[in-house]
Amino acid sequence: MDGHSFRWANALVGNPLNSTVIEHSVGGLILLAQSPCTLAVTGAALALSHNGQPVPCWQALHLKPGDELALGIFSGGLRAYIAVTGGIQVPPQFGSSATVMREGIGGLVRKAADNPRQHLAGQKLQANDLLPLATAAVQVTAAGSSLPTELTKRSLPGQTALTLRVIEGYQASLFSACQRARFYLNPYQVSPQSDRMGYKLNGSAIHCSTRQLLSEGISYGAIQIPPDGQPIVLLNDRQTLGGYPKIGNVLSLDCWQLAQATPGTEVHFTPVSAEQAHNALQLDAARFERETTIFCALASASQEC
Amino acid sequence: MPAVTPLANMATRLTPADYTLSLAGENAFILYLNTQVISPAAAQQIALANSQLSPMLGQQLLELLPSYASLLIVFNPLQHSHLSIKPLLEQALTKAVNLVSQQQGKQVELPVWYSEQSGPDLAKVAQDKNLSINEVIALHSSTSYQVYAIGFAPGFAYLGELPEQLAVPRLSSPRPKVPAGAVAIADRQTAVYPAASPGGWHLLGLCPIAMFNAWQEPAMPVAVGDQVKFVPITERDFTLLGGVL
């Protein structure tokens with residue numbers, strides 16, 4: 001859900017950026033190492049401890065067999081990411097290892113208790129689950145120096161209002177100038193009815209001149225306006241097709257921030273052109289590339305000394 | 001010589017006057033047919049556009065998502081901007097492709113146990129439409145339906161068009177739980193619910209065939225463009241085919 005923290009977690013342990021990680025909500029997870037491994041925790045603000053000793057997030061940590069890593073309850077943000085060198089090995093379904101609970105697809109595969117021939121997938125991790133690591137897990141030496149707070153703090157929203165950049169599209173022309181102005185001028189709040197499928201926002205209701213649409217493909221970040229006029233930003237576990245009018249899409253970089261926002265967080269929308277969106281993505285990619293290169297190199301240099 | 005069906009005849013062309021490319025976020029366009037209707041001709045045009053663009057998948061394009069009268073086109077935004085991909089899309093949309101496989105699709109027969117027990121809305125639909133229960137079953141099972149889109153949930157195939165005599169609006173308030181395999185109708189559409197879920201369609205019967213199984217290849221018995229016919233079966237056959245009430 002939070003692509004920034006997800007990519008950094010993998011970068012810190014020397015993984016390809018789309019390697020399988022654990023996404024953890026709320027906090028309170030305890031992991032016990034069965035074999036030597038290198039891991040990093042990013043995302044939500046939390047107290048992390050290694051065998052009872054406080055250690056920082058956003059840096060690679062080496063664990064020996066028997067070591068315990070404990071994640072405290074989050075003090076900011078909603079989702080933490082735990083990456084292990086080599087990635088967590090789960091069989092891909094439809095080309096992905098992602099867990100989709102609603103459809104029972106992906107993630108760890110268990111055998112059903114009452115029928116060993118039946119496979120169960122798409123479930124949450126449970127206590128005592130064994131997470132298989134890549135057999136050829138390479139030890140990286142990126143341990144020992146954590147990232148500057150400028151890099152980590154920006155992915156911990158929730159304390160301040162968020163501004164979401166919107167690329168207008170889809171049925172944008174069916175919303176009058178007055179309705180669009182209302183959408184951009186008024187604050188919205190993250191509703192408790194928000195999940196991996198979408199974030200519902202409460203605020204000034206806006207209306208579309210049509211309700212009759214044929215179901216059509218929904219892209220990431222689409223802002224759907226149902227008849228009650230309260231926007232829903234559709235995220236990773238969104239339905240593939242839908243028939244409600246959409247005013248446009250939230251920029252992915254801002255969706256990642258939204259995914260960390262707790263209910264009640266204030267949200268504003270601001271329109272950007274497709275060109276501005278493109279520029280923002282290019283800048284972010286260039287910056288990420290440079291920052292991961294430098295900080296991962298610095299960390300391994302300090303390790304060798 | 002095989003007879004040329006009207007379906008195969010209709011829409012083998014897509015001219016720039018037929019469609020509009022609208023923005024759908026930082027890395028997508030949605031191709032809209034300028035006439036937004038549910039029709040075999042529209043489905044053919046979308047199938048054509050899908051085939052024309054599919055060679056770009058894995059290259060410039062990440063995903064193609066067809067529906068009734070639209071096609072979502074997702075590209076890699078670090079490789080292309082809307083400005084740079086648009087001419088490539090427009091060019092690809094003029095290319096001639098062999099549409100034979102898409103045009104014909106495959107014929108799929110789905111068994112259905114129609115009864116008041118397995119289809120709790122059967123009697124109500126019959127009453128509302130001034131038909132007998134047997135007439136409802138006969139109408140529903142004598143029509144060949146096209147798979148227009150797959151979406152909402154994995155394996156949920158939108159089939160059309162339902163005979164006008166059976167068209168009923170959605171339930172005013174959706175059922176909290178529709179069982180897996182429920183064969184349902186709403187407006188001019190019909191579908192089989194792949195998994196238990198909430199739903200606002202009218203239930204006529206149950207199909208014992210799984211509409212989605214992640215562990216099988218292919219995972220779904222139908223694909224967009226296929227033709228589906230429902231075949232009435234008895235409760236006994238339903239059970240023998242693995243159906244569970």
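Q: What makes up the contact between chain A and chain B, and how many residues does each chain give?
A: In this predicted model, the contact takes 29 residues from chain A and 27 residues from chain B; two residues are in contact if their C-beta atoms, placed from the backbone, lie within 7 Å. Strand S11 (162-168), strand S14 (216-217) and helix H5 (274-304) of chain A each supply at least two residues of the side that touches chain B. H5(A) gives the largest share, 6 residues. Helices (H or I, at least four residues) and strands (E, at least two) are DSSP runs, numbered from the N terminus.

Q: How is the side of chain A that touches chain B divided by class?
A: This side has 13 nonpolar, 13 polar and 3 charged residues. Ala, Val, Leu, Ile, Met, Phe, Trp, Tyr, Cys and Pro count as nonpolar, Asp, Glu, Lys and Arg as charged, and the others, Gly among them, as polar.

Q: Why is strand S3 of chain A called largely enclosed?
A: A residue is buried if 20 or more other C-beta atoms lie within 10 Å of its own, exposed if 12 or fewer, and partly exposed in between. In S3(A) (residues 37-45), 8 of the 9 residues are buried, so the strand is largely enclosed by the rest of the structure. Of the 305 residues of chain A, 40% count as buried.

Q: What makes S3(A) and strand S8 of chain A a pair?
A: Two strands pair if DSSP finds at least two bridges between them. S3(A) and S8(A) (residues 76-84) have 6 bridges in the antiparallel sense, so they satisfy this rule. In S8(A), Ala80(A) is the bridge partner of Gly43(A). S3(A) also pairs with strand S6 (residues 61-63) of chain A, in the antiparallel sense over 3 bridges, with Thr38(A) opposite His62(A).

Q: Why does the radius of gyration of chain A agree with that of a compact globule?
A: The radius is taken over C-alpha atoms, and the globule rule is 2.2 Å times the number of residues to the power 0.38. For 305 residues this rule gives a value near 19 Å; chain A has 21 Å, which agrees.

Q: How are residues and chains labelled, and which confidence limits apply?
A: Residues are numbered from 1 along each chain as its sequence is written, and chains are lettered from A and ligands numbered from 1 in the order in which they are written. The model is predicted: local features need pLDDT of at least 70, side-chain atom pairs count only at pLDDT 80 or more, and totals for chains, interfaces and linings use all residues.
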